[in-house]
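Colleague: I'd like to learn how to read the way helices pack in a model like this one. Could you walk me through it?

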Amino acid sequence: MELKKKILQILEQKKYTYNDLVNYLGVKENVLDHALEHNTIEIRTLEMISKELRIPLYSFFRDSDMN
C-alpha cells in the first residue's frame, strides 16, 4: 500500500485529519505531500508521525492483511 494512503487510513481510524498531522509536524501540506509521493520522507518525520498516532513505526510498512 502506498505510504500516504496508509497514513490517511490510520488518521481516519484515529479520528485525525491530514491537516491535523501537517500542523503537528510544522510543515506545509505540499511539502509533506511531495515527500510522501516521491518516497523522500525522512525517517525522523515518520517517527514523529508514529509517535503522534501512537503506532509502531513498522506499521507504515506492514500490509494490513498480515497478522
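**Reading the helix packing**

Modeller: Sure, and keep in mind that this model is predicted. Start with a pair of helices: the axes of helix H1 (residues 3-13) and helix H4 (residues 43-53) come within 11 Å and cross at roughly 20°.

Colleague: How do H1 and H4 lie relative to each other, then?

Modeller: Angles under 35 degrees count as roughly parallel, so H1 and H4 are roughly parallel to each other. Their crossing is left-handed.

Colleague: Which residues in H1 and H4 meet?

Modeller: On the H1 side, look for Leu-3, Ile-7, Ile-10 and Leu-11; they meet Leu-46, Ile-49 and Leu-53 in H4. Sorted by class, that contact has seven nonpolar residues, with no polar and no charged ones.

Colleague: And how should I read the nonpolar core?

Modeller: Here's the general idea: in soluble globular proteins, nonpolar side chains tend to be buried together. In this model, the largest nonpolar core has 17 residues, and those with the most contacts inside it are Ile-7, Leu-32, Ile-41, Ile-49 and Phe-60. At least two residues of this core come from each of H1, helix H2 (18-25), helix H3 (29-37) and H4.

Colleague: Which residues does Ile-41 touch?

Modeller: Leaving out residues up to four places away in sequence, Ile-41 touches Leu-3, Leu-32, Ala-35, Leu-36, Leu-46 and Ile-49.

Colleague: Let's try another pair. At what angle do H2 and H4 pack?

Modeller: The angle is about 120°, and the axes of H2 and H4 are 11 Å apart. H2 and H4 are therefore oblique to each other. This time the crossing is right-handed.

Colleague: Which residues of H2 and H4 meet there?

Modeller: Leu-21, Tyr-24 and Leu-25 in H2 meet Thr-45, Met-48, Ile-49 and Glu-52 in H4. By class, you get five nonpolar residues, one polar and one charged.

Colleague: What about H1 and H3: how do their axes cross?

Modeller: Those axes come within 8 Å and cross at roughly 125°, so H1 and H3 are oblique to each other. Leu-3, Lys-4 and Ile-7 of H1 make the contact with Asp-33, Leu-36 and Glu-37 of H3.

Colleague: How many charged residues are in the contact of H1 with H3?

Modeller: Three are charged and three are nonpolar, with no polar ones. As you go back to the view, follow Ile-7: that residue meets H4, takes part in the contact with H3, and is listed among the core residues with the most contacts.

Terms used: Residues numbered from 1 in each chain as written. Predicted model: local features only at pLDDT ≥ 70, side-chain atom pairs only at ≥ 80, totals over all residues. Heavy atoms only, no water. Axes fitted to C-alpha atoms, helices over the stretch in contact; angles between N-to-C directions. Helix = DSSP H or I, 4+ residues; strand = E, 2+ residues; numbered from the N terminus. Parallel < 35°, antiparallel > 145°, perpendicular 65-115°, else oblique. Left-handed = near helix turned anticlockwise from the far one by under 90°. Contact = heavy atoms within 4.5 Å. Nonpolar A, V, L, I, M, F, W, Y, C, P; charged D, E, K, R; others polar. Core = buried A, V, L, I, M, F, W, Y, C linked by side-chain atoms within 4.5 Å. Buried < 20%, exposed > 50% of the residue type's maximum accessible area, 1.4 Å probe, protein only.
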